[in-house]
Amino acid sequence: MTPDLSLQNAVRDAAAAGIPSALADLGALVRIPSIAWPAFDQSALEKSADAVADLFRGTGMFDRVEVKRAAIPGTDELGQPAVLASRPARNGRPTVLLYAHHDVQPPGDDALWDSPPFEPTVRDGRLYGRGAADDKAGVMAHVAAIRALADVVGDDLDLGIAVFIEGEEEYGSRSFAQFLADNADVLRSDVIVVADSGNWDDRTPGLTVSLRGNARFTLTVRTLEHASHSGMLGGAVPDAMLATVKLLATLWDDDGAVAVEGLHVREAETPAYDESTLRAESGLLEGVSPIGRDSILSRIWNKPSVTITGWDATPVASASNTLAPATSVVISARVAPGQSAEDAYAAIEAHLRAHAPFGAHLEFSDVDCGDAFLVDTSGWAVEDARASFAEGYGVESVDVGIGGSIPFIADLVREFPAAQILVTGVEDPHARAHSPNESLHLDTFRNAVVSEALLLTRLNARTV
C-alpha cells in the first residue's frame, strides 16, 4: 500500500528541513571519542550512549528509551553501553527495528588528519571527523527520519519502532548476540534496517544485497629457542622473519589473487565498474596495478581476499643484527558469500600448516569468524526501500555487494528469522571509514534521511 501523496510530500519536506539540526547533533556526537577498545577512555562510551539516548527521547515518539548492557558470553564482563528504544505497533501495522552503532574506530596517527579527528569540520561539502560517516551518521539518519514523522504524523503514527544503537561494533560486537536474546521481545520486528553500509556513489543510493564474511586470526611463527647474532649464524639458521615472509607469500599467486585451496568463489553478475573508478576511490598510486582477475567488483564482492593487518616486528629505529626467534602477524580474510567463515578459516589454517617453510612451528590464536550474508530481495520491504530511495535521491537505487563484513547480521537472522533485513547506509565511496580524514558527504546524508523518512511512511501504510 502506498501512502497518500500529500503525506509523502509533507514528510519529505519535514525531513529536508530538519537537516541543519541533524548535522549539528551529529557534530556533537563526533566530538565524543567513543572508542570501545579498553586502552581508551571508556567514560566516553557512556557519554556517547547517554547523548544518543537523549536524542531519541527528544523525538517524543518512544514509550521507553534506556541505556543497557549485556553479558559477554564466556566471561564475567559486560559489553559496552547500547541504546534501546521502543514503541508498540497499533492497528495491524508492522514493527521496524532500526540499527546503527555509536562507537567508532581509533583515530590512528593524528598527524595524518587534515583537521583534528574529533573536531567536526566542514570542507567542500563534506563533514570530516572520526565517526562522521561510520556510524554516527547512521544514528542521526534514524533520529532525523523519526523527527520528520513526529512533525507530520505525531501521535497518529501506528508503525511500531524499535531502536538498537550498539556500542561495540568496531570492537567485535562481543555482547551483541546476548543483547538480542535479553531483549528479544522488544526488538522482535517485521523489518530490520541496518544503517551501516555504503552507496554506489555520492548521488546514487545503494541497497546492499551481499556481504562477504570474515575470518581473522593471529599467526605466530617460531624457528628458534632464542635470538642469535645474524652475522654469526645467518645463512645457516632460518630466522622467524624469513620463515614468515616465505610462508605468507604462498597465500597469493603472481597476480595477487588468493591461492588457498578450499576457499570458494560466488558466481554472480556485477555492474560495470572500471579501473579508473577503482583508482579514484582507493587512492591507488600511479604505476601500481590492481590485483586479482576477472571483473573488479567480482574480486571485491564475490571472491575471497587475504590481508595482513598487523605484524609484530622490530621497529626500524631499534633494528639490530639479530635473528628473530618468533614473530606474529594478524591475518584478516574476507569470505565469499555462500561459504561459512569457519570452513574458510579451516582452509587457510590447513594451507599455512602445509606450506610452513623449514619446518617452522606455527601457532594460531584469537580466531574470530563471521559469516557472509545474502539478502532475500523478494520481500515487500525491499520494494518499499527501492521506491523510497528513488524518491529520496531522485535516481533509482543500485543493488550492491560489499567487500566488508557485518558479522552480526547472522545473529539477527538467527534470533529473528521471519524479519526482512535491509542493509542501507550513508557512506559514499570517498568516506574513508576507518582511515584518516573520514568524512560524510552532506548531500548523501540529506538524501539518506529523506529516503528513510519516506520508507518509514511507507511501512506505516502497510498491514501485517
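Two strands pair if DSSP finds at least two bridges between them. In this predicted model, strand E3 (residues 95-101) and strand E7 (residues 191-198) pair in the parallel sense over four bridges.

**Strand E3 and its partners**

E3 also runs parallel to E6, and seven bridges join these two strands. Tyr99 takes part on both sides: Phe164 in E6 stands opposite Tyr99, and so does Val194 in E7. The strand is mostly covered, with seven of its seven residues buried. Thr95, Leu97, Tyr99 and His101 point one way from E3, while Val96, Leu98 and Ala100 point the other way.

**Helix H3**

Helix H3 covers residues 43-58, which is 16 residues. At 1.5 Å a residue H3 should span 22 Å, and its end C-alpha atoms are 23 Å apart, which agrees. Which residues of H3 are buried? They are Ala44, Leu45, Ser48, Ala49, Val52, Ala53, Leu55 and Phe56. These buried residues pack against two helices, H2 (19-30) and H4 (136-152), and against strands E1 (64-68), E2 (82-87) and E6 (160-166). After H3 comes Gly60, with a positive phi near 70°.

**Cavities**

A search of the whole structure finds two cavities of 30 Å³ or more. The table sets them side by side.

| Cavity | Volume | Lining by class |
|---|---|---|
| Largest cavity | about 120 Å³ | eight nonpolar, four polar, one charged |
| Second largest cavity | about 40 Å³ | four nonpolar, three polar, two charged |

The largest cavity has a volume of about 120 Å³. Of the 13 residues that line this cavity, Phe389, Thr424, Ala448, Ser451 and Glu452 are the closest to its centre. The elements that give two or more residues to its lining are E7, helix H12 (380-393), strand E17 (420-427) and H14. H14 supplies the largest share of that lining, four residues.

The second largest cavity is lined by Gln80, Ala82, Phe164, Glu166, Gly167, Glu168, Ser175, Phe176 and Phe179. E6 and helix H5 (176-182) are the elements that give two or more residues to this lining. Phe164, among the lining residues, is the E6 residue that stands opposite Tyr99.

**Asn447 in helix H14**

Helix H14 (residues 442-460) contains Asn447. Is Asn447 buried or exposed? Buried means under 20% relative accessible area. Asn447 has a relative accessible area of 11%, so Asn447 is buried. Leaving aside residues up to four places away in sequence, Asn447 touches Gly392 and Tyr393.

Technical notes
Residues numbered from 1 in each chain as written. Predicted model: local features only at pLDDT ≥ 70, side-chain atom pairs only at ≥ 80, totals over all residues. Heavy atoms only, no water. Expected span 1.5 Å × (residues − 1). Buried < 20%, exposed > 50% of the residue type's maximum accessible area, 1.4 Å probe, protein only. Contact = heavy atoms within 4.5 Å. 1 Å grid on protein atoms, 1.4 Å probe; cavity = no way out; pocket = protein on both sides within 12 Å on 5 of 7 lines; lining within 4 Å. Points joined across faces, edges and corners; volume = space filled by probe spheres on them. Nonpolar A, V, L, I, M, F, W, Y, C, P; charged D, E, K, R; others polar.
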